[in-house]
Amino acid sequence: MELEAAKMLGAGIAIGLGAIGPGIGEGIAASKALEAIGRNPEASGKIVPLMFVSMAIAESTAIYALVISLIILFG
Amino acid sequence: MELNISLAPDILFYIGSLPVTNTLIGSFVISAVIIAAMLLVKKRLKKDTPGKFQNLVEFLMSGAYDFVVSIIGSEKKAKKIFPLAFTLFIFILVANLATFIPGQAAVTFNRGGESVAIFRAVMADYGMVFVMTMITVILVQIVAIAVHGPFGYMGKFFNFKSPLSFFLGLMDIVGELAKIVSLSFRLFGNIFAGEVLGAVMLFLAPFLVPLPFMFLGLLSAVVQAFVFAVLTVVFVKLASEIEEEELVEEASM
């Protein structure tokens with residue numbers, strides 16, 4: 001396999017696998033937040049910002065995977 | 001048509017040895033717009049009958065301030081951190097939303113025969129995002145040292161009570177360093193990926209197909225600005241809190 005092709009494959013696999021965990025995690029966060037809003041719609045003003053922050057933190061591992069694949073592609 | 005994706009911003013011209021990139025111009029234009037808008041509000045400030053724009057600004061400011069107070073939990077701390085957090089928020093928000101103004105990609109600069117776009121998404125330049133992240137991270141370190149004292153702060157990382165706590169202390173150093181990467185690449189990655197996604201979709205199927213991705217980009221533009229500012233506040237809150245164990249230790253000493 002040529003180096004260039006291996007790089008492309010590696011970058012794709014890195015971000016693809018790295019996005020699985022945060023995808024599941026953010027889905028859980030969103031579903032729980034929506035459940036909570038469904039039970040208590042008055043509290044949506046408090047729940048939604050916290051949901052975004054926690055989703056952003058759950059996203060970190062996907063960000064690391066993105067960094068790795070960007071380094072492979074362009075670095 | 002060639003798909004042109006680059007991590008680094010394009011250099012327009014040099015002033016001495018300083019390269020002037022399109023994102024630098026973009027950030028100056030955005031700063032100028034924000035400053036001019038705020039000066040206008042200040043000049044036309046009316047106490048009894050606020051105009052439409054002043055209403056909007058007051059609504060944004062007071063809402064954001066109440067939110068910061070609700071996160072950080074005390075009015076005194078909120079007053080100190082609010083200007084920085086809100087500046088970061090409004091700058092990132094305007095910079096992200098400015099990329100959705102149509103027609104700006106057509107404004108180009110002639111650099112020795114090839115045309116370079118003058119406006120590029122400011123947050124898609126890693127240098128800009130890194131500087132803002134370093135402001136936050138250094139501020140967090142200063143707050144932590146000011147609250148815990150220099151030795152108390154070092155004691156958090158070099159803990160000789162047991163092998164486990166020593167190892168956890170070393171992991172905390174990694175955690176502090178990882179903050180720089182995760183905070184900066186969250187914003188940069190989202191905006192850069194949005195730009196690339198838009199370009200690829202436009203390349204594959206023009207006109208209607210990129211529209212849903214534009215909506216997604218609009219959402220992430222607002223959410224990422226919000227997240228960056230809120231994480232700044234949360235980090236400062238975490239750094240400025242004295243844990244109860246320490247209070248007990250201080251009382252017993």
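Start with the polar contacts between chain B and chain A: in this predicted model, two residue pairs are in polar contact, both at pLDDT 80 or more. On the chain B side, helix H6 (163-204) and helix H7 (210-240) each supply at least two residues that touch chain A. Select H6(B) next, which gives the largest share of that side, nine residues. By type, the side of chain B that touches chain A holds 13 nonpolar residues, four polar and one charged.

Now show A:Glu59 and B:Arg186. Their side chains form a salt bridge at 4.0 Å, N to O, and the count between chain B and chain A is one salt bridge.

Widen the selection to the whole interface. Here 18 residues of chain B contact 13 residues of chain A. About 1300 Å² is buried between the two chains, with 82% coming from carbon and sulfur atoms. Colour B:Leu7, B:Phe185 and B:Arg186, which lose the most area to chain A in chain B, together 32% of what that side buries.

Turn to the rings. Over all chains there are ten aromatic pairs. Select B:Tyr65 and B:Phe82: their ring centres are 5.3 Å apart and the planes stand at 90°, so this pair is edge-to-face. B:Tyr65 belongs to helix H2 (residues 52-72) and B:Phe82 to helix H3 (residues 75-98) of chain B, so the pair ties together parts 17 residues apart in sequence. B:Tyr65 is buried at 17% relative accessibility, and B:Phe82 is buried at 13%.

Next, select B:Phe67 and B:Phe226, a tilted pair with centres 5.6 Å apart and planes at 35°. B:Phe67 is in helix H2 and B:Phe226 in helix H7 of chain B, so this pair ties together parts 159 residues apart in sequence. B:Phe67 is partly exposed, at 25% relative accessible area.

Finish with B:Tyr126, B:Phe130, B:Phe185, B:Phe188 and B:Phe192, which ring pairs link into a cluster.

Key: Residues numbered from 1 in each chain as written. Chains lettered and ligands numbered in written order. Predicted model: local features only at pLDDT ≥ 70, side-chain atom pairs only at ≥ 80, totals over all residues. Heavy atoms only, no water. Contact = heavy atoms within 4.5 Å. Buried area = accessible area lost by both parts, 1.4 Å probe. Polar contact = N/O pair within 3.5 Å; in protein donor to acceptor, adjacent residues only side chain to side chain. Helix = DSSP H or I, 4+ residues; strand = E, 2+ residues; numbered from the N terminus. Nonpolar A, V, L, I, M, F, W, Y, C, P; charged D, E, K, R; others polar. Phe/Tyr/Trp six-rings, centres within 6.5 Å; stacked < 30°, edge-to-face > 60°. Buried < 20%, exposed > 50% of the residue type's maximum accessible area, 1.4 Å probe, protein only.
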